Amino acid sequence: MSSSSVQSKVFDPAALLLYTGKLARVKSLSWRAICCYLGFHPLDFSVSVWPRLYSCCNCRNHVSLHDDIISKAFQGRHGRAFLFSHAMNVVVGAKEDRHLLTGLHTVADIHCSDCREVLGWKYERAYEASQKYKEGKFIFEKSKIVKEDW
Ligand SMILES: [Zn+2]
């Protein structure tokens, strides 16, 4: 695989993710199958161009990127959970104060924008200085997301 063939397939990753997310749900295709569907050969892309996606466990909506994981050492309601810097295709619910293991936080549940499954929560506010880094970040329950074809 020469680098020139990769360069010739430059695209906007954000736009493609939105598009393939829709296709994955409507057509039940895998990420790689979608590539072929769109006329790309998966091998035309370098590994760095291929985002490692996490999808909703219920409907395969693309909700987060592996590269956005800040920590895998979080505790969710249903076991292990991951902290992400970003989320996509989710709806943020009503804010509420919750006493968590690390103190009082204002959080809001995040729902899959497609099937409405509760996938985790967003940290809106942390009251302790040591926990401020979580503000604006997202928790996804490990049991609620699946690796999309990687
Ligand atoms: Zn879903």
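## Exercises on a predicted fold

Buried residues, meaning those with 20 or more other C-beta atoms within 10 Å of their own (exposed is 12 or fewer, partly exposed in between, with C-beta atoms placed from the backbone), make up 25% of the 150 residues in the protein. The model is predicted, and local features need pLDDT of at least 70, side-chain atom pairs count only at pLDDT 80 or more, while totals for chains, interfaces and linings use all residues. Residues are numbered from 1 along each chain as its sequence is written.

**Exercise 1.** Establish how many helices and strands the protein has, and in which pattern they follow along the sequence.

*Solution.* Begin with the DSSP runs, where a helix is H or I over at least four residues and a strand is E over at least two, numbered from the N terminus. On this basis the protein has three helices and nine strands. Reading along the sequence then gives α-α-α-β-β-β-β-β-β-β-β-β.

**Exercise 2.** Determine which strands are joined to β1 by bridges, and which residues are the bridge partners of serine 55.

*Solution.* Two strands pair if DSSP finds at least two bridges between them. Strand β1 (residues 53–56) runs antiparallel to β2 (residues 62–65), and three bridges join them. Three bridges also join β1 to β9 (residues 145–147), again in an antiparallel arrangement. Serine 55 has histidine 62 as its bridge partner in β2, and valine 146 as its bridge partner in β9.

**Exercise 3.** Compare the surroundings of arginine 60 and arginine 116, each of which has a positive phi.

*Solution.* Most residues other than glycine have a negative phi. Arginine 60, although not a glycine, has a positive phi of about 70°, and its place is the loop between β1 and β2, a hairpin with five residues between the strands. With 21 other C-beta atoms within 10 Å, arginine 60 is buried. Arginine 116 has a positive phi of about 75° and is found in the loop between β6 (103–112) and β7 (118–126). Here there are 13 C-beta neighbours inside 10 Å, so arginine 116 counts as partly exposed.

**Exercise 4.** Work out the strand order of the six-stranded open sheet, and explain why one side of each edge strand is without a neighbour in the sheet.

*Solution.* The order is β3-β4-β8-β7-β6-β5, with antiparallel pairing. At the edges stand β3 (69–76) and β5 (90–100), each with a single partner strand, so one side of each is left without a neighbour in the sheet. For β3, five bridges lead to β4 (residues 79–84), and isoleucine 69 has phenylalanine 84 as its bridge partner there.
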